[in-house]
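Here are my notes on the model you asked me to look over, set out as numbered points. Please read them with the sequence and the coordinates open beside you.

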Amino acid sequence: MLAKSAIIERFLDEKLQVHPDVITYIIERGDISLIDRIIERVPSECLVASLSHIPGLYPSRDGYRFVGDPEIEVVLGREYTARPIDNVGDYITYFNNRYTTLSGIIRGRCNAAPIEALFRNDRYIQEECTIIGMIADVRTTSNGHRMAQIEDRTGAINVLFNRGHSGFDEAEKLVHDEVVGVKGTLSSEKTLLFADQLYRPDIPFSYQPYMSDRPGKAALISDIHVGSNTFLEEEWLSFSDWLSDSDISYLLIAGDMVDGIGIYPGQEKELTLSNIYEQYDRLGEYLSDLPSRIKIICAPGNHDVVRGAEPQPAIPEQFRKKYSKNCIFVENPATVSVQGVKVLMYHGRSYDDLISMIPGASYVDAADIMTEMLKRRHLSPCYGRRTPIAAAIEDRLVIDPVPEILHTGHVHILGISHYRGVLCINAGTWQSQTAFQKQMNINPTPAKTVVLDLMTLQPAVYDFMSTEPTPEPI
Ligand code: D5M
Ligand code: FE
Ligand code: ZN
């Protein structure tokens with residue numbers, strides 16, 4: 001395998017820096033001659049070799065778009081899509097679907113053999129081979145290497161990621177139930193695969209986000225928590241006034257619309273509205289104060305009234321009496337096309353799992369975890385932890401199609417990042433620090449909204465804790 005450091009050095013010899021995606025591309029292709037061809041294409045005034053300098057790599061957009069691109073359209077996660085679970089067998093269907101979809105994405109980049117074929121005869125012994133499977137188990141060995149049990153439909157094998165190998169940092173981030181490809185060498189006893197290279201489904205190098213062909217702006221928020229005694233009503237009203245006078249046409253709410261009832265022990269002591277209907281009614285009244293031209297997308301989160309298992313159904317009609325016609329209720333997750341720009345809205349319950357499992361991950365930098373979701377092309381890979389997952393015929397938590405924007409919430413800390421053309425926005429909250437968050441040392445960033453320009457995909461942050469909200473530098 002080509003070493004990362006050798007590739008970097010080769011570029012440095014030409015006084016060039018190199019984008020990490022270019023390094024990954026060269027390693028995946030295993031073609032050392034690519035380096036010179038890339039260098040040839042970097043103009044003399046340019047200091048960084050980027051994906052655009054790779055010969056033969058042309059930007060592409062996926063074809064998942066509507067003719068005429070309607071103003072706002074729920075592409076995935078329309079209400080009544082989520083179904084109840086019938087029986088345990090549904091989980092077999094569910095994980096098979098996850099495997100088929102994600103392995104299909106990886107298969108385009110490597111030629112994989114069924115795991116069972118590795119044991120069938122001796123032809124793979126000490127030979128290089130590639131498999132694609134789901135992480136059934138993963139642990140760190142006493143020597144600091146990473147050992148994973150990887151399973152496909154035909155069998156399972158232990159795979160060792162040596163901590164001395166380049167690329168080990170990615171193996172350290174392996175989590176249960178994600179789907180990966182591994183190129184490695186089979187041990188002489190056929191009991192172990194020594195990994196050389198890890199493939200994740202990932203965002204294609206060639207992905208180019210769509211931008212609206214006409215002006216338009218969307219405000220992205222989450223975690224309003226109406227009904228809580230820490231809900232910031234004054235700041236919300238100031239946001240509402242500002243929004244009414246703005247040129248914003250869409251408001252997207254990524255869950256925890258209200259504080260709910262019985263979500264955590266002793267919650268009743270922290271509620272100003274202890275009736276769930278009143279909580280939704282109050283939010284409905286707030287939203288009805290906004291001009292009817294603003295289309296509002298309402299998605300649920302773990303504090304909302306629907307089942308906690310994902311995908312979560314839309315807020316049922318009986319709670320929607322005070323909501324005007326411009327409110328569109330969707331499931332969690334949901335993909336909405338806003339003037340053709342696809343926004344994948346996901347509340348973000350899986351942060352609680354991913355932050356505990358990925359070394360270095362923290363609530364403060366949740367936007368970095370969004371990158372991890374995109375690499376895995378999955379919003380919530382780990383089954384059986386804090387995030388309940390409802391089995392279905394299709395794994396709706398798979399990230400497909402690739403969105404222009406990934407919009408989450410849950411952590412109550414605003415964060416923005418970019419990954420391979422996807423803009424990641426973790427919206428803040430409209431609730432000040434709760435007793436639980438104080439205990440957990442979580443310092444929220446309340447009363448901020450991200451405004452997205454749909455023609456440029458540029459985000460801007462407005463702070464409603466201040467009297468004159470002006471965009472903050474990003
Ligand atoms: O989540 C509010 C915040 O609390 C958010 O930062 C996630 C964090 N949180 C929520 N549940 C847990 C558990 N069980 N452990 C650690 N941190 C957690 P919200 O969904 O609004 O209550
Ligand atoms: Fe919340
Ligand atoms: Zn939440």
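**Notes on the metal site and its surroundings**

1. The zinc ion (ligand 3) is coordinated at 2.2 to 2.3 Å by Asp256 (OD), Asn302 (OD1), His347 (NE2) and His410 (ND1); donors here are N, O and S atoms within 2.8 Å of the metal (3.2 Å for Na, K and Ca), and since water is not among the atoms, sites may look incomplete. Along the sequence these zinc donors follow the spacing D-x45-N-x44-H-x62-H. This is a predicted model, in which local features need pLDDT of at least 70 and side-chain atom pairs count only at pLDDT 80 or more, whereas totals for chains, interfaces and linings use all residues; side-chain values use heavy atoms, with hydrogens and water left out. Residues are numbered from 1 along each chain as its sequence is written, while chains are lettered from A and ligands numbered from 1 in the order in which they are written.

2. The iron ion (ligand 2) has as its protein donors Asp223 (OD), His225 (NE2), Asp256 (OD) and His412 (NE2), which lie 1.9 to 2.3 Å from it, and their spacing in sequence is D-x1-H-x30-D-x155-H. Asp256 bridges the iron ion (ligand 2) and the zinc ion (ligand 3), and these two ions lie 3.2 Å apart. His225 sits in the loop between β9 (217–221) and α7 (233–244) and Asp256 in the loop between β10 (250–254) and α8 (276–288), so this pair ties together parts that are 31 residues apart in sequence; helices (H or I, at least four residues) and strands (E, at least two) are DSSP runs, numbered from the N terminus.

3. How buried are the metal-binding residues His225 and Asp256, and what of His347 and His410? Both His225 and Asp256 are buried, where buried means under 20% relative accessible area, exposed over 50%, and partly exposed in between (1.4 Å probe, protein chains only). His347 counts as buried because its relative accessibility is 1%, and His410 also counts as buried, at 13% relative accessibility.

4. The second largest pocket has about 590 Å³ of space; a pocket is an open set of points, on a 1 Å grid over the protein atoms alone, with protein on both sides within 12 Å along at least five of seven lines, a cavity is a set where a 1.4 Å probe fits but cannot get out, and lining residues have an atom within 4 Å of a point. Grid points are joined across faces, edges and corners, and a volume is the space filled by probe spheres set on the points. This pocket is lined by 25 residues, of which Asn302, His303, Asp352, His410 and Phe436 lie nearest its centre; Asn302 and His410 are also among the donors of the zinc ion (ligand 3).

5. In the largest pocket there is about 990 Å³ of space, and of the 44 residues that line it, Pro20, Asp21, Thr24, Tyr419 and Arg420 are the closest to its centre. Helix α2 gives the largest share of this lining, six residues. Arg420, in the loop between β15 and β16 (422–426), has a positive phi near 45° although it is a residue other than glycine, and it counts as buried at 12% relative accessibility.

6. The largest cavity has a volume of about 90 Å³, and the structure holds two cavities of 30 Å³ or more. Its lining includes Pro333, Asp400 and Pro401, and strand β12 gives the largest share, three residues. You may wish to look at two peptide bonds here, since both the one from Asn332 to Pro333 and the one from Asp400 to Pro401 are cis, with omega near 5°. Pro333 lies in strand β12, whereas Pro401 lies in the loop between α10 and β14.

7. Helix α10 (residues 366–376) has ten of its eleven residues buried, so it is largely enclosed by the rest of the structure. Among the buried residues of α10 are Glu372, Lys375 and Arg376. The helix is followed by Arg377, whose phi is positive, near 50°.
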